[in-house]
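Here are my notes on this model. Please read them with the structure open beside you.

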Amino acid sequence: MTRKPAKTCKESRSIKAALVLPPDTNNYGSMFGGRVMSYIDDIAAIAATRHARTSVVTASTDSVDFLHPVRNGHSVCLEAFVTWTHRTSVEVFVKVVAEDMLSGARTVCATSFVTFVAIDVNGEKQMVPEVIPETELEKFLFEGAPERARKRLEKRETSKALAKRFGAQSLWQMV
Ligand SMILES: CC(C)(COP(=O)(O)OP(=O)(O)OC[C@H]1O[C@@H](n2cnc3c(N)ncnc32)[C@H](O)[C@@H]1OP(=O)(O)O)[C@@H](O)C(=O)NCCC(=O)NCCS
C-alpha cells in the first residue's frame, strides 16, 4: 500500500448548519439525540473523505454526551476536522454548537470523535495521508489520539466478545 503526502487539519475542515424544525424534535421541543448523531456521522465522513480522498466507512463513534438540548427553532452547527491518522484509520473531531437565532446565544451541545477506515472500490483497506497539526488545539488533539485509539481497540475486543456471546439469533430465543 502506498501513502499519499501528509495533509494539514485545515484541509479537512468541514461545516454543516441546519435549522431545527418540529420533525427533528421530541415532545419537549428538543432535538432527537439520534438526529444529532446522524449529523455528527455525516459531517465527520465529509472531513475524513476530504483528508483521505477515498471512500471511508465508520469504524466507531466515541461516546456522545448531550451536554445541552438543541431547541426547536434554534440552529445547529457542526464543525469537524481530521485530528490524526494511523495506517488506514482516520480520527475526526466534531463539535456541535446550538444557536438561539433571536438572541444569538451559542452553546456547545456535544463533542465527539469518530473513526473511519479508508477503503477502495473493492472494499480493500487503504493507507491514508498522515496529519500535520499546526495550531495549539490541533496539536493537543493530535497528541492525545494514540491513547484514544488504544482504548477504542480495547473496547472493540469487548464488543466482539459480547457479539460472540449473544450470537445472531433473536434475544428472545435466548431467555
Ligand atoms: C471497520 C472495518 C473496516 C475494520 O476492518 P477490519 O479488517 O476488521 O479491521 P482491522 O483490524 O484490520 O483494522 C483496520 C483499521 O481500522 C481500525 N479499527 C478497526 N476497528 C476499529 C474501531 N472499532 N474503532 C476504531 N478503529 C478501528 C484499526 O485500528 C486499523 O487502523 P490502522 O490501519 O490505522 O492501524 C470493518 O470492521 C467494517 O467494515 N465494519 C463495518 C463498517 C460499517 O459498515 N460502518 C457503517 C455502520 S454499519
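1. Start with asparagine 72. This residue sits in the loop that links β3 (55-61) and β4 (75-85). The model is a predicted one, so treat each point below as a statement about a prediction. Is asparagine 72 buried, exposed or partly exposed? Asparagine 72 counts as partly exposed, because 17 C-beta neighbours lie inside 10 Å. A residue needs 20 or more to be buried, and 12 or fewer to be exposed.

2. Which residues does asparagine 72 touch, beyond those up to four places away in sequence? They are Val20, Pro22, Thr25 and Gly29. Look at valine 20 in particular. It is 52 residues from asparagine 72 along the chain, yet their C-alpha atoms are separated by 5.2 Å.

3. Now take glycine 73. It is in the loop between β3 and β4. Glycine 73 has 13 C-beta neighbours inside 10 Å, so it counts as partly exposed. Its contacts, leaving aside neighbours within four places in sequence, are Val20 and Met101. Arginine 35 is 38 residues from glycine 73 along the chain, and 15 Å separates their C-alpha atoms.

4. Next, the sheet. It is open and has five strands, in the order β2-β4-β5-β6-β3. The pairing is antiparallel. Why do β2 (14-19) and β3 each have one side without a neighbour in the sheet? Both stand at the edges with a single partner strand, so one side of each stays free of a neighbour. On average, neighbouring strands are turned by 30° against each other, direction ignored. As a reminder, strands of a sheet pair through backbone hydrogen bonds, either parallel or antiparallel.

5. Check the pairs one by one. β4 and β5 pair over 10 bridges in the antiparallel sense. Valine 82 stands opposite valine 92 in β5. β5 and β6 also run antiparallel, joined by 11 bridges. Here glutamate 91 faces threonine 115 in β6. β3 and β6 are antiparallel too, with six bridges between them. Serine 60 has threonine 115 in β6 as its bridge partner. Threonine 115 therefore turns up twice: opposite glutamate 91 and as the bridge partner of serine 60.

6. Look at the hairpin of β5 and β6. How many residues lie between the strands? There are six, and glycine 104 takes a positive phi near 85° in this hairpin.

7. Add the helix α2 (136-166). It lies across β3, β4, β5 and β6. It runs at about 75° to β4.

8. Turn to the largest nonpolar core, which has 37 residues. Ala44, Ala48, Val92 and Val94 touch the most other members. The elements giving two or more residues are α1 (33-52), β4, β5 (89-99), β6 and α2. Of these, α1 gives the most, with nine. Alanine 44 touches Ala80, Val92, Val94 and Val114, not counting residues up to four places away in sequence.

9. Finish with the ligand. Which of the 14 residues around it come nearest? They are Ser60, His86, Arg87, Thr88 and Ser89. β3, β6 (106-119) and α2 each supply at least two residues of the shell. β3 gives the most, with four. The shell divides into four nonpolar, six polar and four charged residues.

Notes
Residues are numbered from 1 along each chain as its sequence is written. This is a predicted model: local features need pLDDT of at least 70, side-chain atom pairs count only at pLDDT 80 or more; totals for chains, interfaces and linings use all residues. Two residues are in contact if their C-beta atoms, placed from the backbone, lie within 7 Å. A residue is near a molecule or strand if its C-beta atom, placed from the backbone, lies within 6 Å of it. Ala, Val, Leu, Ile, Met, Phe, Trp, Tyr, Cys and Pro count as nonpolar, Asp, Glu, Lys and Arg as charged, and the others, Gly among them, as polar. A nonpolar core is a set of buried Ala, Val, Leu, Ile, Met, Phe, Trp, Tyr and Cys residues joined through C-beta atoms within 7 Å. Two strands pair if DSSP finds at least two bridges between them. Axes are lines fitted to C-alpha atoms, for helices over the stretch in contact, and angles run from 0 to 180 degrees between N-to-C directions.
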